[in-house]
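Let's take a walk through this two-chain model together. The sequence and the coordinates come up just below, so keep them in view as you read.

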Amino acid sequence: MMAQGTYKPPNMVQVTLKINGKEYSGMVEPRTLLVHFIRDDLNLTGTHIGCDTGHCGACTIMYNGTAQKSCMILAIQAQGANILTVEGLADGEKLHPIQEAFWENHGLQCGYCTPGMLIAGLFLLQRNPDPTEDEIRRGIEGNLCRCTGYVNIVKSIKAAAKKMQEAKAPKAQDKSEEQGAKAPLPEQKA
Amino acid sequence: MNETIDLLKTKEEPKVLAGGQSLLALMKLRLAAPKNIIDITNLEGLSYIREDKDHLAIGALTIHDLVENSQVIREKFTLLSDAASKIGDQQIRNRGTIGGSACHADPAADLPTALLAADAHFVVEGSSGKREILPKDMFVDVFTTSIEHDEVLTQIKIPYFLPKSGSGYIKHSRREGDFAITSCGVVIAMDTTNNVCKDVRIALGSVASTPIRFKNAEEYLKGKTMDEKTIVEASQREAEGADPPSDMHGSREYRLEMIKVFTKRSVKLAMSRVK
């Protein structure tokens, strides 16, 4: 505990990273969580904070190609990271297939968990383009929906799988797929 | 790595962060307040799963997701992929590391218990050089290992199991992704011609201050024909001498019962995988 009157301002550290294809830079305290940097400093408030303890998954982002919880990463660790947040899913006015699927299947009620559900769902579909219901439920086990709207969330991800498979064959890649293409399938290094 | 060891020696109250899926949670709860954090998450060359001559070598920074899905681990060290698959959730498994989990040494965590059953050796590097910690010496107390303050875990070595071995890990928890109330990892080697147990290791999680091998059931089972009665008797014996804690997740008495149940189930699971 620091004695009274000896307050020392924190050392600020510069962090530069890429979010949704755009480069951002800012000064942070070493203790700042990545999610606070994204929301409060960069004003990308699509990524939510539901618990701050690593349980709820509302802060899930695509971090260097895999779904991770941005409240479980320090901002200074994200130096040079390549991140996709919910804001980067749509292509201008055109929603990403997984967003369309949530829209069409009533996959959200209050919408609070949705940004995390979308990214967790997307990660699942990149790895497993045609998941069973059990696989979907396991894929989003790290995301809590307090409206308990899981039935329609599962339905939405199932519908998104279909949309994305149909879109895959002829269409060129959009920018979210470009990032997603980096999602590593598990393989061991020799 | 040298820089890490230097920092560990020179910085005040340092703590290594390797993934951070436990350490950051503890810091938020103010259960840990290290003055200096040394983040090794991005150190190169410490994420690998490699079949060496006498053992499987796993780099300390290998994430749980890779352990869960590795072909060689699934085939030959199945209890480790069982355990990795039960950790937290997909997002945690995409960031948390096997070395981080081992050093964190939570008695209710999945990998430490499975690693103990797998007879894993822990390679650490420090200012006085490289050394190997034996499985029985690794876990000292809750959140405490025998790794010295100026040492870093770099590799986990798992000796190949005997021929005709099978392994399994089962975790008992109220919800998916929770910490275990009781968990059990088993590696068993069989003589398949007469269904006799040649060798067996049984480790339990969340029933003591560390993952633990009581060895009661192990000693009873060696050389026995593995029929239902023998397995039940072994499971009863495993709980003898155990003194599990009572907490909000389960009472002492409940855990004693669960030791029996999950020893039995895990032994059967491991046997079903003998090949």
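The report below goes from the contact between the chains to the loops of chain A, and then to chain B.

A word on conventions comes before the details. This is a predicted model, in which local features need pLDDT of at least 70, side-chain atom pairs count only at pLDDT 80 or more, and totals for chains, interfaces and linings use all residues. Residues are numbered from 1 along each chain as its sequence is written, while chains are lettered from A and ligands numbered from 1 in the order in which they are written.

**Where the chains meet**

How many residues of chain A are in contact with chain B? There are 21 from chain A, set against 25 from chain B; two residues are in contact if their C-beta atoms, placed from the backbone, lie within 7 Å. On the chain A side, strand E4 (66–69) and helix H3 (114–127) each supply at least two residues. E4(A) gives the largest share, four residues. Helices (H or I, at least four residues) and strands (E, at least two) are DSSP runs, numbered from the N terminus. By class, the chain A side has seven nonpolar, 10 polar and four charged residues. Here Ala, Val, Leu, Ile, Met, Phe, Trp, Tyr, Cys and Pro count as nonpolar, Asp, Glu, Lys and Arg as charged, and the others, Gly among them, as polar.

**Chain A: a helix and its loops**

Helix H1 (34–41) of chain A has these buried residues: Leu34(A), Val35(A), His36(A), Phe37(A) and Ile38(A). Strand E1 (13–19) and strand E2 (22–28) of chain A are included in what covers them. A residue is buried if 20 or more other C-beta atoms lie within 10 Å of its own, exposed if 12 or fewer, and partly exposed in between, with C-beta atoms placed from the backbone.

Just after H1(A), Asn43(A) takes a positive phi of about 60°. Most residues other than glycine have a negative phi, and chain A offers further positive values, tabulated here with their loops.

| Residue | Phi | Loop in chain A |
|---|---|---|
| Asp52(A) | near 75° | between helix H1 (34–41) and strand E3 (60–63) |
| His106(A) | near 55° | between helix H2 (97–104) and H3 |

Asp52(A) counts as partly exposed because it has 15 C-beta neighbours inside 10 Å. His106(A) is also partly exposed, with 13 such neighbours inside 10 Å.

Is Gly57(A), in the loop between H1 and E3 of chain A, buried or exposed? Gly57(A) counts as buried, because 28 C-beta neighbours lie inside 10 Å. Leaving aside neighbours within four places in sequence, Gly57(A) is in contact with Lys69(A), Gly116(A), Ala120(A), Gly142(A), Asn143(A), Leu144(A) and, from chain B, Gln91(B). Gly57(A) and His106(A) are 49 residues apart in sequence and 20 Å apart in space, C-alpha to C-alpha.

**Chain B: two domains**

Chain B is divided into domain 1 (2–159) and domain 2 (165–272), with bounds that come from an automatic or database domain assignment. Their centres, taken over C-alpha atoms, are separated by 24 Å. The contact takes 24 residues from domain 1 of chain B and 22 residues from domain 2 of chain B. On the domain 1 side, helix H5 (78–85), helix H8 (110–117) and strand E7 (139–141) of chain B each supply at least two residues, and H8(B) gives the most, with six residues. That side has 15 nonpolar, three polar and six charged residues.

H5(B) and H8(B) also pack on each other, at an angle of about 170° and with their axes 8 Å apart. Axes are lines fitted to C-alpha atoms, for helices over the stretch in contact, and angles run from 0 to 180 degrees between N-to-C directions. The two helices are therefore roughly antiparallel to each other, the word for angles over 145 degrees. Leu79(B), Leu80(B), Ala83(B) and Ala84(B) in H5(B) meet Asp110(B), Leu111(B), Ala114(B) and Ala117(B) in H8(B). These residues divide into seven nonpolar, no polar and one charged.

**Chain B: a strand with two partners**

Strand E5 (residues 121–126) of chain B pairs in the antiparallel sense with strand E9 (residues 151–159) of chain B over six bridges. E5(B) also pairs in the antiparallel sense with strand E6 (residues 129–133) of chain B, over five bridges; two strands pair if DSSP finds at least two bridges between them. E5(B) and E6(B) form a hairpin with two residues between them. Gly126(B) has Glu151(B) as its bridge partner in E9(B), and Gly126(B) stands opposite Gly129(B) in E6(B).

Notes
Parallel < 35°, antiparallel > 145°, perpendicular 65-115°, else oblique.
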